[in-house]
Structures are given as C-alpha cells and as structure tokens.
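Me: Please take a close look at a single part of this predicted model. I should like a connected account of one helix and the elements packed around it.

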Amino acid sequence: MLQLRPGRGGFMRPFGCGMFIRDFLLGRASKYWEEIPSIDPEVGACQADIHYWYKKALHRSYAEDAVAWEEEQRINQGLPSMSIEEAEERTQYYMERIPYKLTKCRFHSFVVYFSNLQRLGWVEPTGKEEPSQFQEHYPPGPPRRYFRLTTEGKQAADAAWSNPLFTLYGERWDKEHLR
C-alpha cells in the first residue's frame, strides 16, 4: 500500500517550523530568505524574533509561489515570461497583501512548540536577557530571553527536527494524534 506523506515542510508548508528554528539558531536562516539576519549561534535569539522571521519567511515563500502560479498562467496563455525585475515586483506585491495571520503558527502555538524543543534538550537559555516592550507598561513582565542550540540539538537528525513531537512522545503521540 502506498502511503501519502508530506515532504519536509509538512502539509501546505514550504518548510517546517523545527527545521527553521534549528537553522535560525545555527545562523543559517538566510537560506530560507536572504533578508533574514544571521545570528551568532553562541548568543542565540529570543523566541519572538525567531517566530517573526519564521512568519516572514513563510510569507515570502507563499508570495513566490503566487508569482510562480501567475507565471505558469502567463505561459499557458502564450504570453512572454516575466523578467527577474517583474517577478520581484510581483513578489513584493503579494508580500504586502498577505495577512499576517494567514500562515498559521500563532505565537502561543510557537511558544508551546518551542517548549517541546526545550524538553527534548535541544535548546537552552543562554542567560542573556533584555527588557521587552511589555515591561514598559508592566515592569514585572517577563524579559526577552535568548536561546541557543545544545549539542544534542545540533546532533539531532533531520527526521527528528521535522517532527519533534513524535521524537518526544514516540508511538504514543502518533497513535493519539492520528486518532
């Protein structure tokens, strides 16, 4: 029997959250989009920044897919293909029109996902903290904590990073999740 499975990114996602987090914390997130800043892997990054760039990279990927679909339609109609400049213009056009909440992964879900990575021992706080904007209005609020990959996180296989919940819970998660 042939099983249908999503590619590396999962269903309807160009790339997975876990893989993006790993690459971001390794300072290699620019492979998803060249505008994503490279970080120092020893200093790490805070969850809000990782989430922000993950969402921006998803938006960019969706915009590029829309331009590719548009290009395909032009070719089918016998029109000339877009120049590189036109394609970038259309990508920016779509980027400006994609609602922020369109691409799923709300911040709360991201924090829960990230806590599972901490439970696996793949990410750890670096000790660096800075005040958050929330603290300007509510001083005892939580600061922005920076995280980095642990040795275990760096050595974990791509398959584990693609599905950390299965790695964490094993067969029990798979049976419950597919129920």
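Reply: The part chosen is helix α2, and the account starts from its packing with α3: the two helices are oblique to each other. This is a predicted model, and what follows describes that prediction. Helix α2 spans residues 47–76 and helix α3 residues 84–97. The angle between α2 and α3 is about 125°, and their axes are 8 Å apart. Their crossing is right-handed. From α2, the residues that meet α3 are Lys-56, His-59, Arg-60, Ala-63, Glu-64, Ala-66, Val-67 and Glu-70. On the side of α3, they are met by Ala-87, Glu-88, Arg-90, Thr-91, Gln-92, Tyr-94 and Met-95. Sorted by class, the contact of α2 with α3 comprises 6 nonpolar, 3 polar and 6 charged residues.

Another partner of α2 is helix α1, which covers residues 17–25. Here the packing angle is about 120°, with the axes 10 Å apart. An angle of this size makes α1 oblique to α2. The crossing of α1 and α2 is right-handed. Helix α1 contributes Cys-17, Phe-20, Ile-21, Phe-24 and Leu-25 to the contact, while α2 contributes Ile-50, Trp-53, Tyr-54 and Ala-57. In terms of class, the contact of α1 with α2 holds 9 nonpolar residues, with no polar and no charged ones.

Two of these contact residues, Phe-20 and Tyr-54, also form an aromatic pair. Across the whole structure, a search finds 12 aromatic pairs. In the pair of Phe-20 and Tyr-54, the ring centres are 5.4 Å apart and the planes stand at 50°, so the pair is tilted. Because Phe-20 lies in helix α1 and Tyr-54 in helix α2, the pair ties together parts that are 34 residues apart in sequence.

Helix α2 also packs with helix α4, which is formed by residues 107–120. The axes of α2 and α4 come within 11 Å and cross at roughly 120°. This crossing, too, is right-handed. Gln-47, Ala-48, Ile-50 and His-51 of α2 meet Phe-107, Phe-110, Val-111, Phe-114 and Gln-118 of α4. By class, the contact of α2 with α4 has 6 nonpolar, 3 polar and no charged residues. Ile-50 is named in the contact with α4 and also in the contact with α1.

The sheet completes the picture. Its 3 strands form an open sheet in the order β1-β3-β2, with antiparallel pairing. Strands β1 (45–46) and β2 (123–130) stand at the edges and have a single partner strand each, so one side of each lacks a neighbour in the sheet. Strand β1 is joined to β3 (residues 144–149) by 2 bridges, and the two strands run antiparallel. Within this pairing, Ala-45 has Phe-147 of β3 as its bridge partner. Helix α1 packs on the sheet and touches β1, β2 and β3, its direction making about 90° with that of β3. Strands β2 and β3, also antiparallel, are joined by 5 bridges. Glu-124 stands opposite Arg-148 in β3.

Taken together, α2 packs with α3, with α1 and with α4, while α1 also packs on the sheet.

How values were computed. Residues numbered from 1 in each chain as written. Predicted model: local features only at pLDDT ≥ 70, side-chain atom pairs only at ≥ 80, totals over all residues. Heavy atoms only, no water. Axes fitted to C-alpha atoms, helices over the stretch in contact; angles between N-to-C directions. Helix = DSSP H or I, 4+ residues; strand = E, 2+ residues; numbered from the N terminus. Parallel < 35°, antiparallel > 145°, perpendicular 65-115°, else oblique. Left-handed = near helix turned anticlockwise from the far one by under 90°. Contact = heavy atoms within 4.5 Å. Nonpolar A, V, L, I, M, F, W, Y, C, P; charged D, E, K, R; others polar. Pairing = 2+ DSSP bridges. Phe/Tyr/Trp six-rings, centres within 6.5 Å; stacked < 30°, edge-to-face > 60°.
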